[in-house]
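Reader: I would like to go through this one with you. Please give the reason behind each term.

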Amino acid sequence: MEKYMDADKRMTAAEAIGRFVNDGESFVFANCLYCMPLALTHELIRQGKKNLMAFQQGGIEEIDQLILSKVIDRLVLAYNFRAGGPRIVSPLDRAIKEGQVAVEEMTNHTLLSMMKAGAMGYPFLPVLPGIKVTDVVRRNGFMGNQRFARLPDPFTGKDTLVVKGFNPDFALIHVQRADRAGNGQLWGAMINSKWAALAAKKVILSCEEIVDTEVIMSSPHLTIVPSHKVCAVVECPWGAHPSEVLGHYDYDFPFRVLFVGSAANPDAAKFWLDEWIHKVKDRQEYIRHYVKRFGRDTLEAFRAKPFKSVPADYGSTFSRDWDDQGYSRSMGMTMQEFVAMLDAKGALIDGN
Amino acid sequence: MGTKFTIQELIVSRAAKELKDREFVVIGQGIAMAAGVLARRTHAPNSVILTEAGLLGIDPFKVPLHIADPTCTRGFTYSCDMIDIFTTVLNQGYVDVTFLGVGQIDRFGNMNSSYLGEPGNYTTRMTGAGGAPEFIGYAGRAILTMSGGTFVEKLDYFTSPGYLEGGDSRYAAGMPEGSGPSVLITTRGVFKFDETSKEMYLAGLHPGVTVDEIRAEVPWDLKIADRLETTPAPTEEEIAILRSFAPDITMGRKLQLEVVMKQVINLLSKGA
């Protein structure tokens with residue numbers, strides 16, 4: 001795996017997607033349902049990326065948006081909302097029927113186990129075997145037999161079910177905060193984020209705010225993706241809208257319904273994509289357009305009220321063995337006495 | 001005469017009664033979520049609600065939009081990831097109950113929530129498996145609700161294991177002894193599963209529904225319990241809780257889309 005060591009990886013979403021995404025690659029959504037990386041997803045669409053293969057645990061609107069824009073042609077999927085119910089023909093329905101996209105059916109547990117195995121560098125990982133009787137295991141899609149296998153437990157001989165480890169080319173993730181190097185901190189619903197991000201060969205990260213590394217150093221338990229995995233850091237307030245981000249904003253249900261209503265009809269869908277993706281340059285313009293269209297109050301109504309986590313105290317005495325008077329706490333001597341002792345014991349080497 | 005109620009309120013109230021206090025319950029979205037929340041607000045205040053997104057011990061003040069919606073609760077007690085939920089919580093036997101919504105169901109409670117039609121001849125994609133196969137596979141029992149789904153002789157796609165071919169076949173396939181669907185609540189009645197054969201039978205009717213109406217929806221020769229319960233109407237308290245918690249569940253999805261669409265149009269005209 002490539003190590004990304006730059007201290008400052010800040011760039012625009014356009015630069016990040018332009019530099020790090022190639023047509024035909026595979027990628028995973030390292031947030032699903034919650035805190036979705038929608039600004040980054042829209043950039044894939046804006047740049048007309050093609051023939052991507054997507055891993056998605058749980059989709060809401062982004063799958064239909066990618067399908068309508070012909071960005072993905074293979075989809076490994078555990079769950080995708082049917083917001084309109086079975087009466088509405090969704091873009092995904094149409095694309096499957098017309099052969100525009102191939103779908104591989106997985107479960108949440110097994111899809112994420114593929115990522116976890118990949119993240120750990122394991123060739124495969126055992127999963128709960130109950131589903132071996134179902135079509136999820138029995139019917140293969142475009143991945144053929146590269147998902148499940150049955151093996152005897154080497155210790156008991158019992159039949160077990162394993163999934164293959166995967167390492168997607170890149171992951172998209174949106175988080176509350178990160179430093180310039182990309183140490184990304186996420187809280188709320190952790191779902192698949194850790195394993196999906198760590199499985200990917202590189203992570204394109206957007207965040208609500210960039211913070212000093214000092215903030216990260218005082219709260220490392222919140223870091224979900226370490227900077228060496230991250231190739232690009234995009235500061236992007238409202239970057240997950242219309243999904244929710246704890247500490248920042250709630251989901252915007254009416255806006256979602258606007259897309260769902262549009263998606264059912266190809267012309268209306270094209271109009272929506274033009275208005276909210278192609279005719280805006282980036283997320284900032286998208287938000288400006290939103291405010292113009294619906295009013296500042298409509299947006300502000302989704303703003304989160306604070307409910308602060310009690311900070312964990314990462315403090316210690318911050319002192320070395322030598323105390324303020326220059327005495328060692330463990331030896332009861334000064335530095336001078338210490339060196340004299342080393343000399344007396346014959347522990348010092350004369351290099352001349 | 002009690003307060004008038006919607007069919008969704010009846011289903012949610014009946015489903016909520018299946019949950020006992022101090023149980024661990026995994027909930028999905030929609031009706032199932034509302035049933036779990038209602039139970040916790042009424043007779044099961046010490047139940048522990050968790051979702052597969054890694055939210056354990058949530059105390060919802062509204063029905064979450066989806067399984068990963070942390071805005072439904074003012075904090076929670078354990079934040080973990082989805083693998084943790086399926087392994088350290090579910091696989092270790094901590095989950096007593098799972099609520100699940102049904103797309104297609106057969107006589108042994110096997111379910112399809114993936115797609116309708118055949119491979120190469122898709123007609124409609126439903127939601128996909130999500131966490132359903134493992135939850136129904138390994139939770140202590142499953143409480144099923146169905147509104148808009150169908151009974152079928154043969155599933156188009158076998159997503160989630162009920163009692164397989166009936167009898168002991170589920171447990172012979174390795175799923176925990178005693179687990180499986182315990183009840184199915186539809187828009188018309190309540191169904192249970194025979195203790196030995198594991199075949200589904202009609203156990204109760206919603207007010208005003210006849211056995212013939214149910215038979216017309218079931219493509220096999222449905223067995224009927226000797227004594228049919230009549231589903232009790234939701235109480236005033238339950239209705240009040242539901243309407244304040246989950247007006248969207250109360251009205252159902254079709255009406256919800258219509259109402260919210262109207263709101264969107266209002267917003268659009270306000271900005272223009």
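Reader: What share of the residues of chain A counts as buried, and what makes a residue buried?
Author: This is a predicted model. In it, 47% of the 352 residues of chain A count as buried. The test is 20 or more other C-beta atoms within 10 Å of the residue's own.

Reader: What elements does chain A have, and what box do its C-alpha atoms fill?
Author: Chain A has 13 helices and 12 strands. Along the principal axes, the box is roughly 90 × 60 × 40 Å.

Reader: How many residues of chain A are in contact with chain B, and what makes two residues a contact?
Author: The count is 55 residues of chain A with 55 residues of chain B. Two residues qualify if their C-beta atoms lie within 7 Å. Elements of chain A that give two or more residues to this side include β3 (72-80), α5 (108-120) and α11 (283-294). By class, the chain A side has 28 nonpolar, 15 polar and 12 charged residues.

Reader: Why are α5(A) and α3(B) called roughly perpendicular?
Author: Their axes cross at roughly 110° and come within 9 Å. Angles of 65 to 115 degrees count as roughly perpendicular. The crossing falls in that range, so the term applies to α5(A) and α3(B).

Reader: Which residues make that contact?
Author: From α5(A) come N108(A), H109(A), L112(A), S113(A) and K116(A). From α3(B) come M82(B), I83(B) and F86(B). The residues of this contact divide into 4 nonpolar, 3 polar and 1 charged.

Key. Residues numbered from 1 in each chain as written. Chains lettered and ligands numbered in written order. Predicted model: local features only at pLDDT ≥ 70, side-chain atom pairs only at ≥ 80, totals over all residues. Helix = DSSP H or I, 4+ residues; strand = E, 2+ residues; numbered from the N terminus. Nonpolar A, V, L, I, M, F, W, Y, C, P; charged D, E, K, R; others polar. Buried ≥ 20, exposed ≤ 12 C-beta atoms within 10 Å, placed from the backbone. Axes fitted to C-alpha atoms, helices over the stretch in contact; angles between N-to-C directions. Parallel < 35°, antiparallel > 145°, perpendicular 65-115°, else oblique.
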